[in-house]
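Let's take a walk through a protein model and look at how some of its charged side chains pair up. Have the structure open and follow along.

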Amino acid sequence: MSTRVLSVRGTLPEHRHRQEEITESLAAMLAGGTADRGVVERLHRNVCVETRHTALPLREYARLGDFGRANDAFIRAGTELGGRAVVEALKDAGLAPADVDCIVSCTVTGLAVPSLEARVAAEIGLRPDVVRLPLVGLGCVAGVAGVARLHDLLRGRPDGVAVLMSVELCSLTLQRDDASVANLVAGGLFGDGAAAVVAVGPEHPLARSEDPAQPLVLASRSRLYPDSERAMGWDVGPGGLRIVLDASVPDLVRRHIGSDVRDFLAEHGLTAGDLGWYVAHPGGPKVLRALQDALGVGREALAVTWDSLRRIGNLSSASVLHVMADTLAERPPRPGSYGLMLAMGPGFCSELVLLRAPGGAE
């Protein structure tokens with residue numbers, strides 16, 4: 001049973017900055033301005049990011065003070081940005097908020113109870129009986145995991161409409177008293193953004209589309225890797241969410257992803273040679289090179305991902321959805337071709353989703 005993706009929409013905050021502007025602001029802010037400026041500049045150059053968007057103007061970050069104020073800003077900006085992504089994605093699909101039966105939300109850059117999708121529901125007019133599934137703590141992998149969960153939900157409601165909403169405001173997690181390499185790299189790599197995916201079950205009238213830019217979700221696979229819990233994640237302290245980002249991540253990608261992809265494809269009678277397109281999360285230059293090695297592909301196969309990293313940075317769970325939106329809009333897959341959506345995240349873990357563009361030989 002397949003799920004039809006009708007639309008994918010990425011949204012970004014209005015505040016857009018060159019990497020050099022962010023580097024200058026960050027160097028002045030971190031550890032009371034005592035961070036080694038040369039190190040900050042080098043690390044920020046190495047992440048291959050040219051511009052990023054932030055939820056707040058750069059000058060306001062120094063005034064946030066404690067975690068509570070940063071989290072309040074996360075809820076305000078996240079509700080607005082996430083709601084906008086959902087409304088725009090629904091409009092692209094020819095649907096309205098009242099048509100939505102299920103909504104999955106994901107974030108790892110702030111805390112909200114009630115969760116963000118409940119707040120968005122009230123703002124945009126989702127039905128009172130909408131089924132909600134908030135995903136918290138999956139980090140960068142949650143964009144792909146969220147698409148997989150849409151597929152799972154719609155298998156049980158084949159005539160339904162389901163929406164995924166991702167909201168990640170990474171700038172609001174910056175630890176101003178932390179001059180560690182992990183915090184400096186994060187300050188140069190991660191950006192802010194949101195995204196939404198609208199999907200329908202196979203018995204919905206809109207599932208009959210033959211548009212190759214409205215792919216089918218065929219299957220998914222989740223993987224947890226042993227003894228890797230400290231590779232990526234958050235430590236929660238007085239200042240909020242302090243990043244854990246270990247240098248072992250590219251090695252974990254090289255060690256596991258290739259065999260996982262081969263096994264996943266084999267379950268469906270496919271090999272890597274059957275794949276015509278990839279939708280990969282832009283984890284950073286070292287991770288992307290490791291991913292290319294693991295998949296046995298060149299840079300061109302992940303060109304949309306590299307371009308997204310350059311233009312907007314790593315948006316955690318929202319990034320792979322921006323890559324998906326860019327792929328479907330700018331490089332629509334060949335009718336009938338198979339695609340692979342994949343990301344890695346805290347756990348350490350991976351999520352794979354098998355896609356197929358409609359049309360071609362069935």
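Start with R149, which has a relative accessibility of 22% and so counts as partly exposed, since that label covers values between under 20% (buried) and over 50% (exposed). Keep in mind that what you're looking at is a predicted model. Now find the partner of R149: its side chain meets that of D152 in a salt bridge, with 2.8 Å from N to O. D152 has a relative accessible area of 33%, so this residue is partly exposed too. Both residues sit in helix α5, which covers residues 142-156. They are three residues apart, or about one turn of that helix.

Why would two such side chains get together? Side chains of opposite charge can pair because their charged atoms can come close.

Next, hop along to helix α9, made up of residues 303-312. Here you'll find D307 and R310, again three residues apart, about one turn of the helix. These two form a salt bridge as well, and their closest N and O atoms are 2.5 Å apart. With a relative accessibility of 26%, D307 counts as partly exposed. R310 comes out at 31%, so R310 is partly exposed as well. This pair also has company: salt bridges that share partners tie E50, D307, R310, R311 and D326 into one network.

So far we've stayed within single helices, but what about parts of the chain that are distant from each other? Look for R9 and D92, which form a salt bridge with their closest N and O atoms 2.9 Å apart. This pair links distant parts of the chain: R9 belongs to strand β1 (residues 3-11), while D92 belongs to helix α3 (residues 67-93). Along the chain, 83 residues separate the two. R9 is partly exposed because its relative accessibility is 30%, and D92 is partly exposed because its relative accessible area is 43%.

The pairs on this tour are just a sample, by the way: the structure holds 20 salt bridges.

For a last stop, try V39, in helix α2 (residues 37-46). Its relative accessibility is 24%, so V39 counts as partly exposed. How far apart are the C-alpha atoms of V39 and L133? They are separated by 41 Å, and the two residues are 94 residues apart along the chain. Set that beside R9 and D92, which are 83 residues apart along the chain and yet have their closest N and O atoms 2.9 Å apart.

Key:
Residues numbered from 1 in each chain as written. Predicted model: local features only at pLDDT ≥ 70, side-chain atom pairs only at ≥ 80, totals over all residues. Heavy atoms only, no water. Salt bridge = Lys/Arg side-chain N within 4 Å of Asp/Glu carboxyl O. Helix = DSSP H or I, 4+ residues; strand = E, 2+ residues; numbered from the N terminus. Buried < 20%, exposed > 50% of the residue type's maximum accessible area, 1.4 Å probe, protein only.
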